[in-house]
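Good morning, and thank you for attending. I ask you to look at the sequence and the structure as they appear, and then to follow me through a few selected residues.

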Amino acid sequence: MTNQYITGAMIKNLREQKKLTQAELAEKIFVTDKAVSKWETGRGYPDISLVESLAKALDISVIELLSGKNVINTNRQSNMNRVQFYVCPVCGNIIQSTGEALISCCGITLPPLEAEQSDKNHSVRIERIEDEFFVSIEHEMTKNHYISFIAAIRSDSVEIQKLYPEQNAEASFKISGTEQILFYCNQHGLYKN
C-alpha cells in the first residue's frame with residue numbers, strides 16, 4: 001500500500017527517540033509487541049481506532065502522526081515575514097499562521113499557499129486615500145470564479161478582509177505598518193502586489 005496514512009519508519013523513529021522498546025510502546029496502547037513490529041517493518045498498519053492513543057504515547061499530535069511530519073517549533077515567537085495562508089477547497093476556510101504549521105480542515109491536510117506576482121489577469125490597484133490604502137482588483141466575481149480575500153501584512157499583524165461572489169473585489173486597510181498586500185483567487189491561488 002503506497003498511500004499509507006502512518007509510516008512504520010516514523011513510528012520506529014519516534015519510539016526510539018522516546019527510548020521505548022516495542023513492548024513498552026505496545027503496552028501503552030494495549031496491543032502486542034508483534035503488532036508494533038509489523039507496523040515498523042511495513043507489514044501492517046495501525047487500526048484507525050489506535051491513532052489517538054499512538055500519537056499520545058509518542059508525544060505528537062494526531063495531525064503530525066497522520067501527515068508523517070513531526071513539526072518542531074524552534075522559533076516560539078511569531079515572525080510576520082513568515083506568514084503562511086491556507087485555504088480549504090471544501091468549505092473555503094481561510095487559515096493564517098506565522099510560521100511552519102500542519103493545518104487540516106474538512107479532513108484534508110492543507111498545503112501552504114505560495115504568493116505569485118500579480119499578472120494581467122489578476123491586476124491590483126492600490127490607492128492612498130487619507131490614512132488608508134484602497135485596494136481594488138480587476139477580476140470577475142462570479143459564484144465559480146472570484147477573489148476570496150484580500151490581506152494586509154503589517155509588521156505586527158495580518159488583517160484579512162473576506163470577499164464573496166457578486167460583490168466588488170475591493171478593500172481598505174490602514175496605511176500604518178502595512179508592508180504588503182496579498183489576495184486570493186479561488187481558481188488560481190495567492191497573489192502579491
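Let us begin with a single proline. Apart from neighbours within four places in sequence, Pro111 is in contact with Phe85 and Tyr86. Before going further, I should state that what you see is a predicted model.

Where does Pro111 lie? Pro111 is placed in the loop that runs between strand S4, residues 108-110, and strand S5, residues 116-117. Is Pro111 buried or exposed? Its relative accessible area is 54%, and because the cut-off for exposed is over 50%, Pro111 counts as exposed. To give a sense of distance, consider Ile29, which is 82 residues from Pro111 along the chain. The C-alpha atoms of Pro111 and Ile29 are separated by 31 Å.

I now turn to charged side chains. Side chains of opposite charge can pair when their charged atoms come close. How many salt bridges does a search of the whole structure find? The search finds 6 salt bridges, and I shall present some of them.

The pair of Asp131 and Lys174 comes first in my account. Their side chains meet in a salt bridge, with an N to O distance of 3.2 Å. Asp131 is in the loop between strand S6 (123-129) and strand S7 (132-138), while Lys174 is in strand S10 (residues 170-174), so this pair ties together parts that are 43 residues apart in sequence. Asp131 is partly exposed, at 43% relative accessibility. Lys174 is also partly exposed, at 42%.

Next, please find Arg154 and Glu159. These residues form a salt bridge in which the closest N and O atoms are 3.0 Å apart. Which of these partners is buried, and which is partly exposed? Arg154, at 9% relative accessibility, counts as buried, because the cut-off for buried is under 20%. Glu159, at 27%, counts as partly exposed.

Salt bridges can also share partners, and one network in this model joins Arg15, Glu16 and Glu40 in that way. Within the network, the side chains of Glu16 and Arg15 meet in a salt bridge at 4.0 Å, N to O. Glu16 is partly exposed, with a relative accessible area of 42%, whereas Arg15 is buried at 8% relative accessibility.

To close, I return to two places in the predicted model. Pro111 is exposed and touches Phe85 and Tyr86. Arg15, in turn, is buried and belongs to a network with Glu16 and Glu40. Thank you for your attention.

Note on methods. Residues numbered from 1 in each chain as written. Predicted model: local features only at pLDDT ≥ 70, side-chain atom pairs only at ≥ 80, totals over all residues. Heavy atoms only, no water. Helix = DSSP H or I, 4+ residues; strand = E, 2+ residues; numbered from the N terminus. Buried < 20%, exposed > 50% of the residue type's maximum accessible area, 1.4 Å probe, protein only. Contact = heavy atoms within 4.5 Å.
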